[in-house]
Each structure stands twice: as C-alpha cells, then as structure tokens.
Amino acid sequence: VARALQAAVPHLRGSSSPSFAVVCPRTLSHEELYGAVHASSGEAVDGVLPRLLRRAFDDTSIARAAVPGTSAARSLEQQRWILFDDEVDPEWADLLHPALDGLGDGHSALCLPSEERINVPRSVRFLFEASHLRHACPAWVSRVSVLRLSRAAEEWQPLVASWLKRTRLASAQGEATKADASDGSTPAFMSERCDILERCVRTV
C-alpha cells in the first residue's frame, strides 16, 4: 500500500515521490525503538525513531540553507514517511501521541525517555500498516486517519483489471507498441489480446 501511495504522490501533487523508512516495532525493544538512558553514565542513547527524526530535521535544515532552485532546496518540499509495519499495540504506539498531535504544522514532538523533546519536521508523516486495530486505544485512533482496504483489494484481479484499462487506453491513443514483424503487435491486436485476457479472468 505504501509503495502505491508513494508512486501516486507525483501525479497528485506534482512533487517528488516521498522517501520512507520502514520500522517494525514489535521486532525492537522499547529501548531500541525510542532510546534509553545509560544506567551508569546517565548518557542518552537514541533509538531507531529518534535517529530517523534527527536525520529528517538535518535534511530539512540543509534544504532551507540551500540556493533556491537547486536540488537540495527542492528536497525541502519532499515528504519523508516513517512507516510502522506492524500491529498497533499500546505498548509502543501510545508514546507516539504527542508526535501525532499537530503533525504537519510544526507543533508536534516526540518525547524521549531522557525527557528530551524532538520536534517533528513539517515534512515528516507517520504511516501505520496493520491487518487490524483490535488493540489500538481510542486516543490513538482519534489522532490518525484510517484507510480500510477490503480483502478484494488484496487479490490479483484488481491488478489485472488496472493493467487492462491502461493498455486499452494506450491502444486507443495510438501509443501502444508499433507493429513488430515477429508477433504483429499493433494497437488493434493489443486490444484484441485484452479482450481475450478479460474473458479468461472472468471465468476464473
């Protein structure tokens, strides 16, 4: 789903595709995800999430200082997604509440075990991909937008239907593969192939 959204952004907004990092929270300990304070030295050690936010903040600062019109300056407009690919569990998700409040307007922050607050850059978005929300608390759900995909969307038939639609459109506009001596490919021939494939899909 995230890959499909990433590919759609340039067409919808006319901007570059977002970059995103994938985090699997339940494969990490609390300390590995959010960081910890060393017991003997009292030194704060960043976890995966703080490091991603600091990197995004550094990239944004570089872009603001860059010469307008350069690739570095244009990267300021690029969104940075952090994708949590796991079931939503209060054990790790509840600590994100302050970061989800006001996300995108520059007023959200992540609170670390060291009591440090890391401001979330405007370019950062949090995405959560899960098969269910059985364990998500109401406070978390109220802070996000939920997109539910039916089981039918996960089957192969919609992918074939989308391919058929694109191929027919290209054929109608005369943009299909030009005639080839080996297989005789022409727009009309491609359209005929699509009709045959569609009938096959319907019988499956």
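1. Helices (H or I, at least four residues) and strands (E, at least two) are taken here as DSSP runs, numbered from the N terminus. On that basis Ala2 lies in helix H1, which spans residues 2-13, and the protein chain as a whole holds nine helices and seven strands.

2. A word on the basis of these remarks. This is a predicted model, in which local features need pLDDT of at least 70 and side-chain atom pairs count only at pLDDT 80 or more, whereas totals for chains, interfaces and linings use all residues. Residues are numbered from 1 along each chain as its sequence is written, and side-chain values use heavy atoms, with hydrogens and water left out.

3. On confidence, pLDDT is the predictor's own confidence in each residue, on a scale from 0 to 100. The mean pLDDT of the protein chain is 76, and 68% of its residues reach 70 or more. Among the elements of the chain, H2 has the highest mean pLDDT, 93, and helix H4 (residues 71-74) the lowest, 49. Over residues 179-186 the pLDDT is below 50, and this stretch has 10 contacts in the model beyond near neighbours in sequence, a contact meaning heavy atoms within 4.5 Å.

4. Of the 204 residues of the protein chain, 29% count as buried; buried means under 20% relative accessible area, exposed over 50%, and partly exposed in between, with a 1.4 Å probe and protein chains only. Among the contacts in the chain with a separation of 6 or more, 59% are accounted for by residues 24 or more positions apart.

5. The largest nonpolar core (a set of buried Ala, Val, Leu, Ile, Met, Phe, Trp, Tyr and Cys residues joined through side-chain atoms within 4.5 Å) has 24 residues, and those with the most contacts inside it are Leu49, Leu53, Ile82, Phe84, Leu96, Leu110 and Phe126. At least two residues of this core come from each of helix H2 (30-34), helix H3 (48-65), strand E4 (80-85), helix H5 (90-93), helix H6 (97-100) and strand E7 (124-129). H3 supplies the largest share, four residues.

6. Which residues does Ile82 touch, not counting those up to four places away in sequence? They are Ala21, Val23, Leu49, Leu52, Leu53, Val124, Arg125, Phe126 and Leu127. A second, separate core of six residues includes Ala2, Phe20, Leu83 and Leu127.

7. Ala2 itself deserves a closer look. Ala2 has a relative accessible area of 6% and is therefore buried. Leaving aside its neighbours within four places in sequence, Ala2 is in contact with Phe20, Trp81, Leu83 and Glu129. Ala2 and Trp81 are 79 residues apart in sequence, yet their C-alpha atoms are 9.3 Å apart in space.

8. Val22 lies in strand E1 (residues 19-23) and, because its relative accessibility is 46%, counts as partly exposed. Beyond residues up to four places away in sequence, Val22 touches Leu83 and Asp85. The C-alpha atoms of Val22 and Ala2, 20 residues apart along the chain, are separated by 9.9 Å.

9. Glu115, in the loop between strand E5 (109-111) and strand E6 (117-119), is worth checking by eye. Its phi is positive, at about 75°, although Glu115 is not a glycine. Is Glu115 buried or exposed? With a relative accessible area of 74%, Glu115 is exposed.

10. For empty space, a 1 Å grid over the protein atoms alone is used: a cavity is a set of points where a 1.4 Å probe fits but cannot get out, a pocket is an open set with protein on both sides within 12 Å along at least five of seven lines, and lining residues have an atom within 4 Å of a point. Grid points are joined across faces, edges and corners, and a volume is the space filled by probe spheres set on the points. The structure holds one cavity of 30 Å³ or more, and about 40 Å³ of space lies in the largest cavity. The lining of this cavity includes Tyr34, Leu112, Pro113 and Glu116, and E3 gives the most to it, with three residues.

11. The largest pocket contains about 1000 Å³ of space. Its lining has 26 residues, of which Phe128, Glu129, Ser145, Val146 and Leu147 lie nearest its centre. E7 contributes the largest share of that lining, five residues. The lining divides into 16 nonpolar, four polar and six charged residues, where Ala, Val, Leu, Ile, Met, Phe, Trp, Tyr, Cys and Pro count as nonpolar, Asp, Glu, Lys and Arg as charged, and the others, Gly among them, as polar.
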